[in-house]
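Open the model in your viewer and get ready to select residues by number. This tour takes one stop at a time.

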Amino acid sequence: MKSRLHILSAPTSIFLAISGRCNMNCKHCNVGDHQNKNIPELTTEQWKKFFDELEELKVFRIRISGGEPFVRKDIYELMDYMQEKHFWIDINTNATLIDEEGARRIGRYPKVGNIMVSLDGSNEKVYEMLRGKGTWKKAVKGIENLIRYNGRRVSFYCTVTKYNVDDIENMIELVKSWGQTGGIKFNFIIPGGNADIFFKYISLNDKERRDLINRTPELKEKYGNLISGTIFDSYYMFKRIEENYKKFKDKMKEPAYITGCGTVRNEVTVRFEGNVTPCDRLSHMVCGNILEQSLKDIWLHSPVLNEFRKRLDMTLDDFEECRDCEYKYFCTGGCPAVSMSFRNTIFGYDPLSCYKVYTLEKEFLPENEFNERKQQQEIKS
């Protein structure tokens, strides 16, 4: 079989977990396993030196996240420095630490693209069930500051859980009330970090997840481009599988290639201590450290990265759970981080992307597997 893999000379995008600290400890956080552990972070000068390397590599975009990036006292100094470079910057934040002067300063940056603010409820009660007491008013104040000086560059990200699934339309209406913004994304909870521990308790069950997916056309018709996210993507993905299965089920001979994740084709994550990982949800898969190697060397030669890239040459037949599935000719293979969380391997199926889970032919997480994962988490903690 001819390889489909072509590795660029350098990544085009970097996900930058610039701090391991956060002023929240959310139940659904999928990077919570490394937050607030007093792990030394790269200094201001070390980050600047790294940004010089990214400019030499002609990286196009940096997505700044954390933890919470604005816990760093030098965050604006670092963003000032990045503005001297050619790359675009996106920012992920909970907005609680952004005062009016900070929002005004961000508004003056010409190379800031999207400012993504996490929003998991339309009111204090719902929001604070996931994010903790005393956080709502700070978040709203920060959001209003950002919108005042950044307008459409501000958009929102909601992780849908049992706590807020009935609050979705209220959140949309709240975003509408704030005027011209980039809209709101609704995504399913992704396991990892705190979300691994609380997953069974805050994630929607199989029927709730299916019902929400099937409700998306109604929401889309009502709110249009104001709303998006993996919940909407899932609806269209599963409908395509249904349609293609009806049309081509007797004609297909080869299972589909794995296309559900292409991150290591053009992007990697660089973490606050300098570790490079395939993505922010796979923090334990260390590919190298930028204090010890150049990013280019890690990108091209890391055994961990190159092992990960084998997924891009695989078909659904290479996943044990998918081998005998009649839908393997039309599936994407899903997210390797979800597979890692549930199967302890990146070479396995993702139940969030599984058509049989969507149709309720198969359980997302059978009870015996949940009990086994719970025991593993207790041992880790």
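Select Glu292. Glu292 sits in the loop between strand E10 (288-289) and helix H11 (295-301). The model is a predicted one. Is Glu292 buried or exposed? Its relative accessibility is 67%, so Glu292 counts as exposed, the cut-off being over 50%. Now add Gly274. Glu292 and Gly274 lie 18 residues apart in sequence, and their C-alpha atoms are 8.8 Å apart in space.

Stay on Gly274. Gly274 belongs to the hairpin of E8 and E9, which has 3 residues between its strands. There Gly274 takes a positive phi near 100°.

Next, colour strands E8 (residues 267-271) and E9 (residues 275-277). They run antiparallel and are joined by 2 bridges. Look for Thr269, which stands opposite Thr277 in E9.

Keep E8 selected. How many of its 5 residues are buried? The count is 5 of 5, and E8 is mostly covered. Check both faces. Glu267, Thr269 and Arg271 are buried on one side, and Val268 and Val270 are buried on the other. Here is the general pattern: in a regular strand, side chains alternate between the two faces of the sheet.

Add E1. E1 and E8 run parallel, with 5 bridges between them. One pair to find is Ala17 and its bridge partner in E8, Arg271.

Zoom out to the whole sheet. It is an open sheet of 10 strands, with mixed pairing. Trace the order: E7-E6-E5-E4-E3-E2-E1-E8-E9-E10. Which strands stand at the edges? They are E7 (227-228) and E10. Each has a single partner strand, so one side of each is left without a neighbour in the sheet.

Now show helix H1 (residues 44-57). H1 packs on the sheet and touches E1 (13-17), E2 (61-65) and E8. The direction of H1 makes about 170° with that of E1. Then show helix H6 (residues 168-177). H6 lies across E5, E6 (184-188) and E7, running at about 155° to E6.

Select strand E4 (residues 112-118). Here 5 of the 7 residues are buried, so E4 is largely enclosed by the rest of the structure. Look at its partners. E3 (residues 88-93) runs parallel to E4, joined by 4 bridges. Ile91 stands opposite Ile115 in E4. E5 (residues 154-160) also runs parallel to E4, and 4 bridges join the two. Met116 stands opposite Ser155 in E5.

Follow the chain from E3 through helix H3 (residues 100-107) to E4. Together they make a right-handed β-α-β unit.

Pause in the loop between E3 and H3, where Ile98 lies. Its relative accessibility is 4%, so Ile98 counts as buried, the cut-off being under 20%. What touches Ile98, leaving aside neighbours within four places in sequence? The contacts are Phe70, Thr93, Ala103, Ile106, Gly142, Asn145 and Leu146. Ile98 and Gly142 are 44 residues apart along the chain, yet their C-alpha atoms are separated by 5.0 Å.

For the last stop, show H3 with helix H5 (residues 136-150). They pack at an angle of about 30°, with their axes 8 Å apart. The crossing is right-handed. From H3, the contact uses Glu100, Ala103, Arg104, Ile106 and Gly107. From H5, Asn145, Leu146, Arg148, Tyr149 and Asn150 take part. Colour the contact residues by type: 4 are nonpolar, 3 polar and 3 charged.

Terms used:
Residues numbered from 1 in each chain as written. Predicted model: local features only at pLDDT ≥ 70, side-chain atom pairs only at ≥ 80, totals over all residues. Heavy atoms only, no water. Buried < 20%, exposed > 50% of the residue type's maximum accessible area, 1.4 Å probe, protein only. Pairing = 2+ DSSP bridges. Right-handed = clockwise from strand over helix to strand, strands pointing away. Axes fitted to C-alpha atoms, helices over the stretch in contact; angles between N-to-C directions. Left-handed = near helix turned anticlockwise from the far one by under 90°. Contact = heavy atoms within 4.5 Å. Nonpolar A, V, L, I, M, F, W, Y, C, P; charged D, E, K, R; others polar.
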